[in-house]
Amino acid sequence: MVTSNSLVYLIALPLLGATILLLAGRRADKWGHLLATLMSASSFAVGLYQLSAMLGRSNEERAISQKLFSWINVASFQVDAGLLLDQLSICFVLLITGVGTLIHVYSISYMAHDENRRRFFAYLNLFVAAMLLLVLGDSYLNLYVGWEGVGLASYLLIGFWNQKPAYATASKKAFVMNRIGDMGLSFAIMIAFATLGTVSFVGVKEASHSASQTALTAIGIMLLVAATGKSAQFPLQAWLGDAMAGPTPVSALIHAATMVTAGVYLIVRSNFIFDAAPTAQLLVVIVGAITLLFGALVGTAKDDIKKALAASTMSQIGYMVLGAGLGPAGYAFAIMHLLTHGFFKAGMFLGAGSVMHGMNDTVDMRKYGALRKFMPITFVTFGLGYLAIIGVPPFAGFYSKDLIIETAFNAGGAKGIILGGAALLGAAITAFYMSRVMILTFTSPQRWDNDVHPHESPILMWLPMAILAIGSVTSGFLFARGDALAQWLQPVFGEHGAEHSEVHLLSPIVVSAMALVAVAIGVAIAVIKYQLSEVAATAPENVSIFTRIARKDLLQDSFNEAVFMRPGQALTRVLVKGDDVVIDGAVRGIGRTALGAGSALRTSQTGFARSYAALILIGAVALIAGIWVVTQ
Amino acid sequence: MLTIQTPETILFWVLAPLSVLAALGMLLVKKAVHSALLLAFVMITLAIFYIAQDALFLGIVQIVVYTGAVMMLFLFILMLVGVDASDSLTETIRGLRPIAITAAIGFGGLMISLIARAKLGHGAFGLAEANKDGNVQGLAKLLFSDYVFPFEVISALLITAALGAMVLAHHQRTSAKPTQREQSIARFRQGTLGTAAGLPSPGVFARHNAVDVPALLPDGTPAPNSISATLKARGDILETSQFELGEVDKTVKEEK
Amino acid sequence: MNPYNYLYVAGLLFTIGAIGVVVRRNAIVVFMCIELMLNAANLTLVTFARINGTLEGQVTAFFTMVVAACEVVVGLAIIVTIYRSRRSASIDDASLLKR
């Protein structure tokens, strides 16, 4: 493998930015945001350079690596801190640094009135560095370092305005649920080391040929747990809605484009494990399918624009996980959807931020309406993202989503029909609720009061949105044309990728037609319900039971509380009580015993020499009696 | 092998019960002086036992050192502390007497039965062989060869003990010794002037100055304060009347 | 006669001395009872010297006597000192070390 010396700069530049901004303190307030954006942009430039270099090399030599230092060197466990840049990683690197830089630019204007703007940019840079480490790590352990780093950055950024207790709680919730996923990754690494003897990607790929089915299934399931935690899949999805407590750029960067896609990266990177463990792969598609529908259903009932977009993210990542679980046929399409999603979802989040900025930071869509006239640029960019997500040709989502639906059907048998059907249903519901968002925000009649003055955002905010909109329009076509992305990624998925069958149960035209019909139905229902009828300014109370359940996130929080939180708190109380009564009681009891024994023994100190002499005599008698008995 | 001759047997059976009785007596008598004398008796019997058992040197040392020096030392201290001191029979610490007696009797009983049970593995040898050059010579041979180190250590101990006794008995004055002048002033400053000039010393001058004759007060009556309390308690005061002169010849003879 | 008879006598004397130490209140009489115990031990040593046929028991008895003499010297000096300050020879009166 070709080694390089410049990979480390990808990570080092944003990390340097974060360090400078955190250490310099208030002195950096005037120029901190500019430095951070510059660092992010430089990292993007290095990434572009690496891409051009990679394009110039032949297929076998495209992957390059750089060893930073020898990290763990213990008998049979050797792990180096090293970086690996192959065709898969470069996609992510460009996505992270590109979208990241755009969001840095957006934040200069969005956070202009916040006095802690410098700290915000430090955390953003920290996040970019950690996420790059995640995708560039050459072993599961190095990936884990980046994994933890993005979890930390997410916690810091969600709780950025932690003066509000609700936001602090939301960041804690996100961190704790991520932690459960992290445990899964730890276990996977431990099992990999115990059964395969190595944790580097290259090593595990080699060893997976001769490993036992149970070991690989166990590793696969643990990796799936990790992915569900980080990517907010069922059953660890409850934190994503609350994570919208962070500033909108954070939601756009972390919880739409990059961090939540880390789980998909993990699954795709571990393709050799999942391909060899069908049980784990089946679980992956099940999780993907369930989450796809879960997110879609929750999104239909949300009046908060950011929470609706969050539910949409959850659902779209469900598509990606579904695609990744379909085996070699689906990996490339999952990545394609991931990249296109990065464009349109980040663009829509930035648009939501723009709307909030113009509407005095209100998030309730029932207070919006007719913003098309007042925010035209936002309307256009958001609209292009909307068309992309619902899958209207020739926009990005059409290509990526339809390919996933097609691959699902092609899996064959009952599995194929169930998965394909679920994906189609998800597409329909997605069309419905995204149209709802569009209508309620931009096209329905005005529902806001006269003290609100909606206005277009400044250029530093709409320029990134526009660039992302261009991506939403063109990226799908560019990735799918002639299987460009699939060919590009094919060396990563190894020999398994080469042997995937070209079975087409349904021709692509049929699948696309079914998808478009589903989309049309969804849009139509939304138009009828919201555009053509009156929309209440406050959420109506007497709604059906389904709406109520959907408003409560399909009871995810109630379930978590009942099954985990309350028993956990009860257990804590029992343990505290036990510690107090049993352990502290034992310690206090020892003290009391010592005191009691001391007081009892003190009575023998009478001060009379004769009683002491009597005691000596009694002792001597005991001694003689002992000798008498022993020599019997 | 040792065979004990009849004289020794008789000696033993006479003196052993006596010594035990004397020891019991030492335990039970009230006056401390009597205890000391009974202990001296026990020690002399023990000395006789030592001599009977061919420990000639030790027997003489027992009489000279133990009975002669140590017991006399005890008697001196008793006199210093108070010969009249006698313990009351009631016990102040509850339950001590029964416990002590039980424990000691148990101790004695166990020891005696142990001794009765013990077997040395050989009969009694007797000291005829060891004493063939004489008991003193035999002891000296052991003392200055095998046991010379304990010997030296014990001599150091003796010196230490003597020093210790001197240190303990040393009476350090905390204030200056009162001079004659101060003592005289103090006498005259007392409540009454009765003893300002000091107590009269015993004895009627010119006729008898022994300690058992009381001095005469100015009006001719005997002064009981001039006799020591011990003699008074014993009733050893002599009458002064026998020393009084008869009629004094009051004629004055001219000297030519 | 059994040469072990002397040992029984010594045992009896020792027991009597032990009772005396605990029962009597006058400090000097207590001391005398301790002397009685030491003498009983000496008798045992001399008897065993005779039984074993060596003079080592007598040497040990000699040393014991010397030590006892030293002990008497110092002990009586202590009693005198205590008497000087307390004017009492009863050992029950020196009970300041009670709890």
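What follows is a chat about how the labels used for this predicted model are earned.

Author: A word on ground rules: the model is predicted, so local features need pLDDT of at least 70 and side-chain atom pairs count only at pLDDT 80 or more, while totals for chains, interfaces and linings use all residues. Residues are numbered from 1 along each chain as its sequence is written, chains are lettered from A and ligands numbered from 1 in the order in which they are written, and side-chain values use heavy atoms, with hydrogens and water left out.

Reader: What makes Arg50(C) and Glu8(B) a salt bridge?

Author: The term asks for a side-chain nitrogen of Lys or Arg within 4 Å of a carboxyl oxygen of Asp or Glu. For Arg50(C) and Glu8(B), the N to O distance is 2.8 Å, so the pair passes. Between chain B and chain C, the count is 1 salt bridge; over all chains it comes to 15.

Reader: Why is the pair Asp80(A) and Lys67(A) called a salt bridge too?

Author: Their closest N and O atoms are 3.6 Å apart, which fits the same cut-off, so the name holds. Asp80(A) sits in strand S3 of chain A and Lys67(A) in strand S2, so the pair ties together parts 13 residues apart in sequence. Helices (H or I, at least four residues) and strands (E, at least two) are DSSP runs, numbered from the N terminus.

Reader: How do you know that S1(A) and S2(A) pair, and in which sense?

Author: Two strands pair if DSSP finds at least two bridges between them. S1(A) and S2(A), residues 64-74, have 2 bridges in the parallel sense, so they qualify. Val2(A) stands opposite Ile64(A), and Thr3(A) opposite Ser65(A).

Reader: And what joins S2(A) to S3(A)?

Author: There are 9 bridges, and these two strands run antiparallel. Lys67(A) has Gly82(A) as its bridge partner in S3(A). The hairpin of S2(A) and S3(A) has 2 residues between the strands, and Ala75(A) there takes a positive phi near 35°.

Reader: What makes S1(A) and S3(A) edge strands?

Author: The 3 strands form an open sheet in the order S1-S2-S3, with mixed pairing. S1 (2-3) and S3 (77-85) of chain A each have a single partner strand, so one side of each is left without a neighbour in the sheet. Helix H1 of chain A, residues 7-24, lies across S2 and S3, running at about 75° to S2(A). That angle is taken between N-to-C directions, from 0 to 180 degrees, with axes as lines fitted to C-alpha atoms, for helices over the stretch in contact.

Reader: How do you know that chain B and chain C are in contact?

Author: Contact means heavy atoms within 4.5 Å. By that rule 87 residues of chain B touch 67 residues of chain C. About 7100 Å² is buried between them, with 75% from carbon and sulfur atoms; buried area is the accessible area (1.4 Å probe) that two parts lose on being put together, summed over both.

Reader: What does chain C bury with chain A?

Author: About 1000 Å², 61% of it on carbon and sulfur atoms. Here 13 residues of chain C are in contact with 11 residues of chain A, and the rule finds 0 salt bridges across this interface.
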